[in-house]
Amino acid sequence: MNEKVVSPCISICKTDPVTGFCYGCARTNEEKKIWKNEKTTNDWKNKNLKVIFGRMKGWQLEKED
């Protein structure tokens, strides 16, 4: 049985005009469409998650001591 891969969407759907990445999930509009396609495999989704996690590095604010 295939386990469902949960979408990285956090309902902050606004695209950065420079990068083309969503501010909430770091996906492109094309990647969002692929995620919604019922034929998209879990393998593709897992690979895409690794890509978008890499995009998100550096977006977070650093904690000051």
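The largest pocket here holds about 170 Å³ of space. Keep in mind as you look around that this is a predicted model.

How does anyone find a pocket in the first place? Rolling a probe the size of a water molecule over the atoms shows where empty space is left.

**Around the pocket**

So who lines the largest pocket? The lining is made by Lys4, Val5, Val6, Ser7, Cys9, Cys13, Arg27, Lys32, Trp35, Lys36 and Lys45. Sort them by class and you get 5 nonpolar, 1 polar and 5 charged residues. Which element gives the most to this lining? That's α1, with 3 residues.

Let's pick out Ser7, one of the lining residues. Ser7 sits in the segment before α1. Is Ser7 buried, exposed or partly exposed? Its relative accessible area is 32%, so Ser7 counts as partly exposed, given that the partly exposed range lies between 20% and 50%. Now find Lys36, which also lines the pocket. Along the sequence, Ser7 and Lys36 are 29 residues apart, yet in space their C-alpha atoms are 9.1 Å apart.

**Charged pairs**

Side chains of opposite charge can pair when their charged atoms come close. In this model, the count comes to 2 salt bridges. Here they are, next to each other:

| Salt bridge | N to O distance |
|---|---|
| Glu31 and Arg55 | 2.7 Å |
| Asp43 and Lys47 | 3.3 Å |

Start with the Glu31 and Arg55 pair, whose side chains meet in a salt bridge. This pair links distant parts of the chain: Glu31 belongs to helix α1 and Arg55 to helix α2 (residues 42-56), with their positions 24 residues apart in the count. What about cover for Glu31? Its relative accessibility is 10%, so Glu31 counts as buried, the cut-off for that being under 20%.

The other bridge, Asp43 with Lys47, stays inside one helix. Because these two are 4 residues apart in helix α2, about one helical turn separates them. How open are the two partners? Asp43 is partly exposed, at 48% relative accessible area, while Lys47, at 53%, is exposed. The line between those two labels falls at 50%.

**A nonpolar patch**

Finally, have a look at the surface. Which residues make the nonpolar patch there? Ile10, Ile12 and Tyr23 do, and their patch covers about 290 Å². Ile10 is found in the segment before α1 (29-36), and Ser7 from the pocket lining is in that segment too.

Key. Residues numbered from 1 in each chain as written. Predicted model: local features only at pLDDT ≥ 70, side-chain atom pairs only at ≥ 80, totals over all residues. Heavy atoms only, no water. Patch = residues over 30% accessible without salt bridge, like charges linked within 9 Å, V, L, I, M, F, W, Y side chains within 5 Å. Areas by Shrake-Rupley, 256 points an atom, 1.4 Å probe, with all protein chains shown as cover. Salt bridge = Lys/Arg side-chain N within 4 Å of Asp/Glu carboxyl O. 1 Å grid on protein atoms, 1.4 Å probe; cavity = no way out; pocket = protein on both sides within 12 Å on 5 of 7 lines; lining within 4 Å. Points joined across faces, edges and corners; volume = space filled by probe spheres on them. Nonpolar A, V, L, I, M, F, W, Y, C, P; charged D, E, K, R; others polar. Buried < 20%, exposed > 50% of the residue type's maximum accessible area, 1.4 Å probe, protein only.
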